[in-house]
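This report introduces one structure to a reader who has not met it before. Please look first at the sequence and the fold shown here.

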Amino acid sequence: MPHRSPGFLTIALLPLFAFASAASAKAPLLIDEAPSSDDAVVTADRLLDVRSGRMIDHPQVLVRDGRIVEVARAGAPVPADVKRIDLPGMTLMPGLIDMHVHLDADPTYGGYTGLQFNDRFWSMLSVVHAQRTLLAGFTTVRNVGSEAWNDVGLRQAIEEGKLTGPRIVTAAFAFGATGGHCDSTFFPPSMEERSPYNADTPEQGRQRVRELRKYGAQVIKICATGGVFSRNTEPGQQQMSFEEMKAVADEAHQWGLKVAAHAHGAAGIKDAIRAGVDTIEHASLIDEEGIRLAKQRGAWLSMDIYNTDYTQAEGRKNGELEDNMRKDREIGDIQRENFRRANQAGVKMVFGTDAGIYPHGDNARQFPVMVRYGMSPLQAIQAATVNASQALGRDDVGVVEAKRYADLIAVPGDPTQDVTLLQDVPFVMKGGVVVKGDVAGR
């Protein structure tokens with residue numbers, strides 16, 4: 001839900017090899033250990049067509065140079081020397097997509113507790129969090145706000161094969177009004193703490209888009225309203241004007257970038273939609289008019305409806321301020337019911353969790369909550385695959401079909417009947433490379 005507190009909310013640094021906890025999982029690949037993609041043919045009992053919801057029996061997926069070349073039935077001709085990866089009893093799916101994460105954030109340091117660490121502590125933790133996310137089956141994420149360009153550097157290291165992690169769409173710094181949710185709100189004036197990217201006029205908003213794009217932002221993230229885990233802001237408060245948001249959206253779209261808006265409050269949500277923002281993050285207090293606007297304008301809602309379970313159970317122990325815990329309590333159930341209403345109305349929905357507000361790697365815990373609040377398991381899966389790829393404007397992830405990246409996961413059983421299967425993914429392939437799972441290869 002909310003932005004990070006001054007400690008950037010990040011997980012305790014676990015031993016780097018601890019993530020291969022299951023006996024069948026490969027240890028995460030560290031610096032200089034990333035393998036090159038091999039040509040392979042992958043077979044399983046079933047393949048979920050995420051567009052139609054149909055199960056395809058006995059699929060055979062041919063992979064070459066990290067991309068899917070062909071999706072056929074088992075037994076179709078393949079090159080004689082191709083490596084085989086057989087997944088008996090498994091359902092094959094596209095790698096999952098989380099549209100709202102903060103890889104350099106950790107929930108176990110709330111409130112002021114993160115100030116005990118050097119700034120670069122959070123950079124180091126982002127490496128571990130990326131590995132955990134990938135091993136959980138999320139092969140693509142959108143990182144909507146980080147400090148010190150951490151997400152840009154992490155993305156570049158992964159793309160260069162120096163680290164293992166998901167594909168990352170980077171926002172770099174999220175920005176908004178001075179004193180608002182994206183600003184530094186925890187300190188007295190004597191400390192002169194502020195975000196370097198505050199924008200208080202339409203022209204400043206345009207300038208921030210240009211600056212952030214210059215240094216690696218691939219999506220623009222603004223804070224249209226107050227938040228939960230920022231100090232001295234209320235979630236319902238609108239903090240950017242329509243004119244400011246429209247200037248940001250127009251400038252970003254001119255450069256070919258999409259815009260995400262942190263927006264809990266009803267008025268801020270509606271102005272963000274009218275301004276042309278592409279995805280509305282949280283959307284907790286959306287009203288009937290906002291739902292109608294989202295449907296009419298084609299805006300996507302990204303509603304993080306799991307994490308309140310974690311924050312209410314663990315927040316005080318992690319050091320969160322009592323006033324922020326109050327906001328979290330007040331908004332949680334309202335957001336979930338509005339998720340139900342928006343989904344029933346046919347608004348376009350994507351899967352976004354705000355990972356970093358709860359532990360990275362637990363992203364899939366949101367799936368059963370989405371089902372509890374009105375989605376079918378298939379709809380929840382579509383939100384994290386084909387819908388997310390459409391919202392990103394990408395045709396290379398989110399679906400198992402020719403020309404897309406060979407980002408594949410496999411689970412036992414049928415996730416369209418039991419979506420909790422996605423909480424323990426035993427096989428993960430990214431770009432044709434198996435990063436998790438013992439396979440019957442030959």
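What follows describes a pair of helices and their surroundings.

The model is a predicted one, and the UniProt record, in an unreviewed entry, places the feature "domain: Amidohydrolase-related" at residues 91-435. The end C-alpha atoms of residues 91-435 lie 17 Å apart, and this span is 36% helix and 16% strand.

Helix α1 and helix α2 have axes that come within 10 Å and cross at roughly 45°; an angle that is neither under 35 degrees nor between 65 and 115 counts as oblique here, so α1 is oblique to α2. The crossing in which α1 passes α2 is right-handed.

The residues through which the two helices meet are set out by helix below.

| Helix | Residues in the contact |
|---|---|
| α1 | Arg120, Trp122, Ser123, Ser126, Val127 and Ala130 |
| α2 | Asn150, Leu154 and Ile158 |

Sorted by class, the contact of α1 with α2 has five nonpolar, three polar and one charged residues.

Turning to the surroundings of α2, its buried residues are Asn150, Asp151, Val152, Leu154, Arg155 and Ile158. Asn150, Leu154 and Ile158 are thus buried and also take part in the contact with α1. The cover over the buried residues of α2 includes helix α1 together with strands β7 (138-143), β8 (167-170) and β16 (427-430). Beyond α2 comes glycine 161, whose phi is positive, near 80°.

Note on methods
Residues are numbered from 1 along each chain as its sequence is written. This is a predicted model: local features need pLDDT of at least 70, side-chain atom pairs count only at pLDDT 80 or more; totals for chains, interfaces and linings use all residues. Side-chain values use heavy atoms; hydrogens and water are left out. Axes are lines fitted to C-alpha atoms, for helices over the stretch in contact, and angles run from 0 to 180 degrees between N-to-C directions. Helices (H or I, at least four residues) and strands (E, at least two) are DSSP runs, numbered from the N terminus. Angles under 35 degrees count as roughly parallel, over 145 as roughly antiparallel, 65 to 115 as roughly perpendicular and the rest as oblique. A crossing is left-handed if the near helix is turned anticlockwise from the far one by less than a right angle, and right-handed if clockwise. Contact means heavy atoms within 4.5 Å. Ala, Val, Leu, Ile, Met, Phe, Trp, Tyr, Cys and Pro count as nonpolar, Asp, Glu, Lys and Arg as charged, and the others, Gly among them, as polar. UniProt positions are given in the numbering used here, feature names are shortened, and annotations may be inferred rather than shown by experiment. Buried means under 20% relative accessible area, exposed over 50%, partly exposed in between (1.4 Å probe, protein chains only).
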